[in-house]
Amino acid sequence: MAAADPEVQAFFDDATNTVTYLVWDAGTGAAAVIDPVLDWDHRAGGADTRSADAVLQVLEEKGLRLEWVLETHAHADHLTAAPYVKQRTGAPIGIGARIVEVQNIFRPVFDARDLRPGGADFDRLFADGERFRLGDLEVEVLHVPGHTPADVAYRIGNAAFVGDTLFMPDAGTARADFPGGDAHELYRSIQRLLALPDGSRIFVCHDYKAPGRDQFAWEATVAEQRAHNIHVGGGRGEAEYVEMRHKRDATLSAPTLLLPSIQVNIRAGRFPGGEGRGVTFLRIPVAGRGIVQQDEEERS
Ligand SMILES: [Fe+2]
């Protein structure tokens with residue numbers, strides 16, 4: 001008998017162009033939320049949970065039981081609401097095991113000395129090929145590095161939640177120029193996804209409306225991706241892809257929420273410890289001409 005297929009509801013966040021998915025087994029009510037978003041006011045330095053609350057409301061309305069909060073990777077464009085969802089439901093937070101490499105890259109950048117060893121900020125680190133149950137569904141974890149070293153896709157029945165690998169066919173693929181990113185690896189990861197059965201439903205993590213499209217979209221079949229993806233469709237080879245990816249990445253600026261996102265997301269969404277005043281502080285590493293440091297001035 002074929003493995004059971006999941007029910008899927010998507011929640012699109014206009015502020016960050018991110019898609020959060022609620023996935024569940026209709027038979028048992030077991031559910032997982034993938035890539036929940038924390039609403040972040042970058043200008044004012046404030047957070048809100050309306051996006052995550054909308055997911056939790058559907059969870060409650062449908063009488064589902066949340067068993068997992070799953071991250072596809074440490075996002076650079078939004079802050080995760082994973083710890084809030086965990087706090088509200090008790091569901092553990094899972095991510096790809098190589099998150100430890102991403103933490104090692106960024107620990108010195110943000111002087112994040114509070115990171116726990118061995119990726120222990122997360123509840124579960126998934127190895128490539130690992131499988132676990134979600135009610136009567138089976139979740140298979142596919143390690144799909146390239147965008148970051150730690151990206152995973154979650155394959156659940158006829159659906160695959162691919163994080164930042166493939167975008168919609170008319171938008172192409174994710175960038176590969178973050179620290180630890182690799183366009184060759186990304187190409188090979190994508191080939192793994194394109195080898196899934198033709199009718200598999202590919203759910204992407206972001207959408208920005210490709211030129212000529214006036215609606216946001218986040219779902220396409222493997223067959224559609226294989227035939228029409230503007231970066232990898234039609235059997236495009238690795239060398240050609242990598243050249244295109246490098247050229248394109250050179251034109252992309254840093255995501256608006258890069259600095260707050262990375263330092264929070266490598267802590268599984270937790271903010272650094274506060275100073276007992278009801279606030280906490282994020283760090284902005286800075287370098288460049290014109291920066292005079294406090295102690296230099298004092299010395300002169
Ligand atoms: Fe990403």
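This short talk describes the two sheets of the structure and the helices that pack on one of them. Please keep in mind throughout that the model is predicted.

I begin with the sheet of 6 strands. It is open, its pairing is mixed, and its strands follow the order β1-β2-β3-β6-β8-β9. At the edges stand β1, residues 7–13, and β9, residues 124–126, and each of these pairs on one side only. From one strand to the next, the twist averages 25°.

Within this sheet, let us consider one pair. Strand β2, residues 18–24, and strand β3, residues 30–34, run antiparallel and are joined by 4 bridges. Here leucine 22 has valine 33 of β3 opposite.

Two helices pack on this sheet. Helix α1, residues 50–61, touches β1, β2, β3 and β6, the last of which spans 65–70. The direction of helix α1 makes about 160° with that of β1. Helix α2, residues 82–89, touches β3, β6 and β8, where β8 covers 93–96. For helix α2, the angle of about 160° is taken with the direction of β6.

I turn now to the other sheet. It is also open, with 3 strands in the order β5-β4-β7 and antiparallel pairing. Why does one side of β5 and of β7 lack a neighbour in the sheet? Strands β5 (46–48) and β7 (79–80) stand at the edges with a single partner strand each, so one side of each is left without a neighbour there. Strand β4, residues 37–41, pairs with β7 over 2 bridges in the antiparallel sense. In that pairing, valine 37 has threonine 80 of β7 as its bridge partner.

Notes: Residues are numbered from 1 along each chain as its sequence is written. This is a predicted model: local features need pLDDT of at least 70, side-chain atom pairs count only at pLDDT 80 or more; totals for chains, interfaces and linings use all residues. Side-chain values use heavy atoms; hydrogens and water are left out. Two strands pair if DSSP finds at least two bridges between them. Axes are lines fitted to C-alpha atoms, for helices over the stretch in contact, and angles run from 0 to 180 degrees between N-to-C directions. Contact means heavy atoms within 4.5 Å.
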